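User: Please take a close look at one part of this model and explain how its loops, helix and sheet are arranged. A connected account, with the rest of the fold brought in afterwards, would be most useful.

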Amino acid sequence: MTVHFVGAGPGAADLITVRGQNTIASCSVCLYAGSLVPEELLEHCPEGARLVDTARMTLDGILEEILDAHRRGLDVARLHSGDPSVFSAVAEQMRRLDEAGVDYEMVPGVPAFSAAAAALNREFTVPGVGQTVLLTRTAARATPMPEGEDLATLGLSGATMVLHLAVNRIEELVEQLEPNYGPDCPVAVVAGASRADETVLRGSLSEIAGLVRNAGIERTAVVVVGEVLTAGHFPDSHLYSANRCRS
């Protein structure tokens, strides 16, 4: 018996990977967060599979479902939105499975920041403009951020920053980022990336909070901050340069 932590992608059902879809189709038990994972993915489950919406379940309840499947020798597909390696709360589940001696694997998925980049038609690593992407969040009511990972400190580099789980605190975010990025730094907010109701907002740090509030965006959004969003004048990458191709 194996637990498969499957990245279900950012929202669009057709952004599941082939491996992820095949894994879902091979498991007799499927645990998914109904508020985040598209229902269409459940159509890949085998007939008669046990489907469990974990949206309102505690960690203990989720683990009991997994351990019950383990006792019955049934494989489990545990669906997480985006990619399970980022902000998925997979680590504590794997820790408990280690303690219980239950095998598991991770199946990568398309992360939200990739879907946001696609929605914006932008590359987040532009030569001469930005070659580093910081994926982070704000504390809010969630687990406190580790020391040294506050936005003021992270922003010292001026690197492209992608913030998850932060749009509902947009005014505080702006206040912490403006000293390093400046009020005119370009910002984009992508809500529901890849979904039918996808919403894209573009502006500067000084105006983005008003745009977000006017649009009524409160969740399921990423905030992207950095000059790469509007960069038009930059050197070509060395990847395809004539000098490199001749070497």
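Analyst: Helices and strands are here DSSP runs numbered from the N terminus, a helix being H or I over at least four residues and a strand being E over at least two. The model is a predicted one.

With those terms, arginine 219 can be placed in the loop that lies between α7 (205-215) and β10 (221-225). Its relative accessibility is 54%, so arginine 219 counts as exposed, the cut-off for that class being over 50%. Arginine 219 also has a partner in space that is remote in sequence: valine 167 is 52 residues away along the chain, yet the two C-alpha atoms are 6.4 Å apart.

The loop between α7 and β10 holds threonine 220 as well. At 34% relative accessibility, threonine 220 counts as partly exposed. What sets its backbone apart? Its phi is near 50°, a positive value in a residue that is not glycine. The general expectation is otherwise, since most residues other than glycine have a negative phi.

A second loop, between β7 (160-164) and α6 (170-181), contains leucine 165. Leucine 165 also has a positive phi without being glycine, with a value near 55°. Because its relative accessibility is 55%, leucine 165 counts as exposed.

The helix that follows this second loop is α6. Which residues of α6 are buried? They are Ile170, Leu173, Val174, Leu177 and Tyr181. These residues occupy an arc of only 95° around the axis, and therefore lie on the same side of α6. The general rule behind such a pattern is that an α-helix has 3.6 residues a turn, so residues three or four places apart point the same way. Glu175 and Pro179, on the other side of α6, are exposed. The cover over the buried residues of α6 includes α5 (151-154), β7, α7 and β10. After α6 comes glycine 182, with a positive phi near 85°.

Two of the strands that cover α6, β7 and β10, belong to an open sheet of five strands in the order β6-β7-β10-β8-β9, with mixed pairing. At its edges are β6 (133-137) and β9 (199-204), each of which pairs on one side only. From one strand to the next, the twist of this sheet averages 20°. Strand β8 (residues 186-191) runs antiparallel to β9, and six bridges join them. Among the paired residues is valine 187, whose bridge partner in β9 is glycine 203.

The rest of the fold offers a second sheet to set beside this one. It too is open and has five strands, in the order β3-β2-β4-β1-β5, but here the pairing is parallel. Its edge strands are β3 and β5, each with pairing on one side only. Neighbouring strands are turned against each other by 20° on average, with direction ignored. Strands β2 and β3 run parallel and are joined by four bridges; in β3, aspartate 53 is the bridge partner of tyrosine 32. Helix α2 packs on this sheet, where it touches β1, β2, β3 and β4, and its direction makes about 170° with that of β2.

Helix α2 (residues 59-71) has 13 residues, which at 1.5 Å a residue should span 18 Å; the end C-alpha atoms are indeed 18 Å apart, so the two agree. Its buried residues are Ile62, Leu63, Glu65, Ile66 and Ala69. Seen down the axis they fall within an arc of 155°, so they line one face of α2. Asp60 and Arg71 are exposed on the other side of α2. Among the elements covering the buried residues of α2 are β1 (2-7), β2 (29-32), β3 (50-53), β4 (76-80) and α3 (91-100). Glycine 73 follows α2 and has a positive phi, near 70°.

The parallel sheet also carries an aromatic contact. A search of the whole structure finds one aromatic pair, formed edge-to-face by phenylalanine 5 and tyrosine 104, with 6.1 Å between the centres and 75° between the planes. This pair links distant parts of the chain, phenylalanine 5 being in strand β1 and tyrosine 104 in strand β5 (residues 103-107), 99 residues apart. Phenylalanine 5, at 0% relative accessibility, counts as buried, whereas tyrosine 104, at 28%, counts as partly exposed.

Notes. Residues numbered from 1 in each chain as written. Predicted model: local features only at pLDDT ≥ 70, side-chain atom pairs only at ≥ 80, totals over all residues. Heavy atoms only, no water. Expected span 1.5 Å × (residues − 1). Buried < 20%, exposed > 50% of the residue type's maximum accessible area, 1.4 Å probe, protein only. Arc of directions from axis to C-beta. Contact = heavy atoms within 4.5 Å. Phe/Tyr/Trp six-rings, centres within 6.5 Å; stacked < 30°, edge-to-face > 60°. Pairing = 2+ DSSP bridges. Axes fitted to C-alpha atoms, helices over the stretch in contact; angles between N-to-C directions.
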